[in-house]
Amino acid sequence: MALIPAALLAQSLAPTPPYAGQAELSKVEEWVLSQGAVESIAPELAAILGLGSDRLPVKLKSYRTTGGISYTFAVSTNPKQEGIVISALKTIAEKMEIYSVGTAWLTDRSGTLRRTIAVDASGARVIPDNSRAAEFNNIKAFFVKKLEATAPATASSPSPRISATAARVKKETK
């Protein structure tokens, strides 16, 4: 009987595994930092996202959909301005103007949505996070799938070595 409370206490003190999406988003961040293109986010967007008033240096991966919308995962390379900006923007060229229309989200490696902005011809404005949360989750999942598609098939098993159990069985059968 005395062991039961101790076992329960031990279970509650054991570290809980991180939410799977959090670990996956952290891996996407590492992938983008290692292989992404060097770019910057315009000062106006950086400011509205709360990331300073200067151009924000980032590394990014971007994919254009068949509808002309670019899904972009940008990771700040400024150590003072940490953040991940995920966006779904379509560039429009009308007469002498070029502008983007869509949504951008500020998050971090945990995947927690920190700010949502809507972008259109008149500029960008903060909107309620819950208004586009489903789209945010879909685009996060899109980048996790892109990462998984580019990862080598052996990522889950670090080496092709034979397992200890298989080696023991092989040794015993000789």
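1. A residue counts as buried when its relative accessible area is under 20%, as exposed when it is over 50%, and as partly exposed in between. Phe143 has a relative accessibility of 0%, so Phe143 is buried. Please keep in mind as you read on that this is a predicted model.

2. Let us begin with the overall layout. The protein has five helices and seven strands. Read from the N terminus, the order of these elements is α-α-β-α-β-β-β-β-β-β-α-α. The chain has 174 residues, and 28% of them count as buried. If you take the contacts between residues at least 6 apart in sequence, 37% of these join residues at least 24 apart.

3. Next, the interior. In soluble globular proteins, nonpolar side chains tend to be buried together. Here the largest nonpolar core has 15 residues, and Val28, Val32, Phe73, Ile86, Trp105 and Ile139 are those with the most contacts inside it. At least two residues of this core come from each of helix H2 (20-35), strand E3 (69-76), strand E4 (84-94) and helix H4 (133-150). Helix H4 supplies the largest share, five residues.

4. Trp105 deserves a look of its own. Which residues does Trp105 touch, not counting those up to four places away in sequence? There is a run from the 80s, made up of Ile84, Val85, Ile86, Ser87 and Ala88. Trp105 also touches Leu113, Arg115 and Thr116, and further along the chain Arg132, Glu135, Phe136 and Ile139. Apart from the largest core lies another one, of 14 residues, which includes Ile41, Ala46, Ala74 and Leu106.

5. Now to the open space. The largest pocket holds about 630 Å³. Its lining is made by 29 residues, and those nearest the centre of the pocket are Ile41, Ala42, Leu45, Leu89 and Ser100. Two or more lining residues come from each of strand E1 (37-41), helix H3 (43-48), strand E2 (56-64), E3, E4, strand E5 (97-107), strand E6 (115-120) and strand E7 (123-127). Sorted by class, the lining has 16 nonpolar, eight polar and five charged residues.

6. Ala42, one of the residues nearest the centre of that pocket, sits in the loop between E1 and H3. Is Ala42 buried or partly exposed? With a relative accessibility of 21%, Ala42 counts as partly exposed, because the cut-off for buried is under 20%. Ala42 and Pro57 are 15 residues apart along the chain, with 9.3 Å between their C-alpha atoms.

7. The aromatic rings come next. The model has six aromatic pairs. In one of them, the rings of Tyr63 and Phe142 have centres 5.8 Å apart and planes at 75°, so this pair is edge-to-face; the cut-off for that class is over 60 degrees. Tyr63 is in strand E2 and Phe142 in helix H4, 79 residues apart, and the pair thus links distant parts of the chain. Both residues count as partly exposed, Tyr63 at 21% relative accessibility and Phe142 at 24%.

8. Tyr63 has another partner in helix H4. The ring centres of Tyr63 and Phe143 are 6.0 Å apart and the planes stand at 55°, so the pair is tilted. This pair also ties strand E2 to helix H4, joining parts that are 80 residues apart in sequence. Phe143 is the buried residue from the opening point, at 0% relative accessibility. Together, Tyr63, Tyr71, Phe73, Phe142 and Phe143 form one aromatic cluster. Phe73 also appears among the residues with the most contacts inside the largest nonpolar core.

9. A backbone detail worth checking is at Lys95. Most residues other than glycine have a negative phi. Lys95 is not a glycine, yet its phi is positive, at about 50°. Lys95 belongs to the loop between E4 and E5. Its relative accessible area is 87%, so Lys95 is exposed.

10. Finally, have a look at Gly52, in the loop between H3 and E2. Gly52 counts as partly exposed, at 32% relative accessibility. Leaving aside neighbours within four places in sequence, Gly52 is in contact with Pro43, Ala46, Ala47 and Gln81; Ala46 is also one of the residues of the 14-residue core. From Gly52 to Lys80 there are 28 residues in sequence, while their C-alpha atoms are 9.5 Å apart in space.

Conventions: Residues numbered from 1 in each chain as written. Predicted model: local features only at pLDDT ≥ 70, side-chain atom pairs only at ≥ 80, totals over all residues. Heavy atoms only, no water. Core = buried A, V, L, I, M, F, W, Y, C linked by side-chain atoms within 4.5 Å. Buried < 20%, exposed > 50% of the residue type's maximum accessible area, 1.4 Å probe, protein only. Helix = DSSP H or I, 4+ residues; strand = E, 2+ residues; numbered from the N terminus. Contact = heavy atoms within 4.5 Å. 1 Å grid on protein atoms, 1.4 Å probe; cavity = no way out; pocket = protein on both sides within 12 Å on 5 of 7 lines; lining within 4 Å. Points joined across faces, edges and corners; volume = space filled by probe spheres on them. Nonpolar A, V, L, I, M, F, W, Y, C, P; charged D, E, K, R; others polar. Phe/Tyr/Trp six-rings, centres within 6.5 Å; stacked < 30°, edge-to-face > 60°.
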